[in-house]
Amino acid sequence: MTKPLSAELRQHMLESMLEVRYVEERIQELFLENVIRGTTHLCIGQEGVSVGMAANVDAKRGDTVTCTYRGHGHALALGLSLKSMMAEMMGKSAGCCKGKGGSMHLTDMEHGLIGTFAIVGAGLPVTNGAALTAQLKKTGAVSISIFGDGTANIGAWHEAVNLAAVWKLPSVFICENNLYGEYSAYHDTAPVENVADRASAYNIPGIIVDGQDAEAVYWTVKEAVDRARALEGPTLIEAKTYRYKGHSRSDPAAYRPEGELDKWLARDPIDILSARMIDDKQLTQSKLEQMRQAAQDAVQEATEWAFNQPDPSLDALFEDIWV
Ligand SMILES: Cc1ncc(C[n+]2csc(CCOP(=O)(O)OP(=O)(O)O)c2C)c(N)n1
Ligand SMILES: [Mg+2]
């Protein structure tokens, strides 16, 4: 049984998960309506990892996070505003990257998000760089990298985990094992039962956590963050989770065995936390309905606001580049 968090933090994490859930559903619709172009990778079902991780990040202290193209949830949980994210989705100048990044490239320095990366494995070396800075400057800051199960098969992953272990960097590696890397099942592409099993090759702790339980994720990440802050070295965390949707917006996920999705829907991270709060008399069913409505309203307001923002000027093409 997971140790309960304070009522305030539970409330915050629940609100955050609802915001992520509804914004992602809206983003999918906006893609189908051609309001957003390109592609998108939804994290619906994986929200527990986003909020459990984010609640451990202290951006004021200098903590940083890198994540992947499946990064809307992490970005919002870290504190990126709905409006800024929606504007970025729509390529508007009010977006967090002035409309030049889009769905796969969200950055928010104020909240410690130093990048979401479309290249598999690209975030880990960047996290190590931020962690090395913290180590050399003795700031006590940590850097977290979030990535998928398929990423643990990439060379950059092994190099980064190895280096972090050898140099005892204050890096925290969090794998969201959602059972698939694109259209391939985890066990068809990896020789180890768990991604966490790979930690032993680098002599660092490898911890498995239930990614559907936001509180369990919180405590597991906290232990790794505390260890990193104490300069005791990196930790590899594997959160077992599931993406309800396909890999990207064009993938109907027909390769999944029948019944698998239903099994995971029965362990929804929003339901797990809200049921616990109801049991502990911190929430009622009607308050939960109000929270759902408030999150949907906020998403709608941000969508309309973003839609009415100006496009970047052509000159913006030549800004924010190095020569
Ligand atoms: C270096 C590199 N190789 C291949 C790709 C194509 N690609 C995009 S996502 C992906 C699967 C990654 O799976 P996983 O790490 O499990 O993350 P998930 O999408 O499940 O969150 C691949 C192979 C890429 N973006 N970068
Ligand atoms: Mg995956």
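Here are four short exercises, with worked solutions, on the predicted model above.

Residues are numbered from 1 along each chain as its sequence is written, while chains are lettered from A and ligands numbered from 1 in the order in which they are written. Because the model is predicted, local features need pLDDT of at least 70 and side-chain atom pairs count only at pLDDT 80 or more, whereas totals for chains, interfaces and linings use all residues.

**Exercise 1.** Work out whether the radius of gyration of the protein chain agrees with that of a compact globule.

*Solution.* Start with the rule: the radius is taken over C-alpha atoms, and a globule is expected to have 2.2 Å times the number of residues to the power 0.38. For 323 residues this gives a value near 20 Å; the chain has 19 Å, so the two agree. Finally, look at the C-alpha trace, which spans about 55 × 50 × 40 Å along its principal axes.

**Exercise 2.** Decide whether A77 is buried or exposed.

*Solution.* First locate A77: it sits in helix α3 (residues 72-78). Helices here are DSSP runs of H or I with at least four residues, strands are E runs of at least two, and both are numbered from the N terminus. Next, recall the cut-offs: buried means 20 or more other C-beta atoms within 10 Å of the residue's own, exposed means 12 or fewer, and partly exposed lies in between, with C-beta atoms placed from the backbone. A77 has 27 C-beta neighbours inside 10 Å, so A77 is buried. Leaving aside neighbours within four places in sequence, A77 is in contact (C-beta atoms, placed from the backbone, within 7 Å) with S16, V20, S50, V51 and A54.

**Exercise 3.** Find how many residues of helix α2 (residues 47-54) are buried.

*Solution.* Go through the helix: E47, G48, V49, S50, V51, G52, M53 and A54 are buried. That is eight of the eight, so α2 is largely enclosed by the rest of the structure.

**Exercise 4.** Check whether the length of helix α11 (residues 285-307) agrees with its expected span, then say what covers its buried residues.

*Solution.* The expected span is 1.5 Å times one less than the number of residues. For the 23 residues of α11 this comes to 33 Å, and the end C-alpha atoms are 33 Å apart, so the length agrees. Now turn to burial: the buried residues of α11 are A295, V299, A302, T303 and A306. Their cover includes α1 and α4 (82-89).

Key: Two residues are in contact if their C-beta atoms, placed from the backbone, lie within 7 Å.
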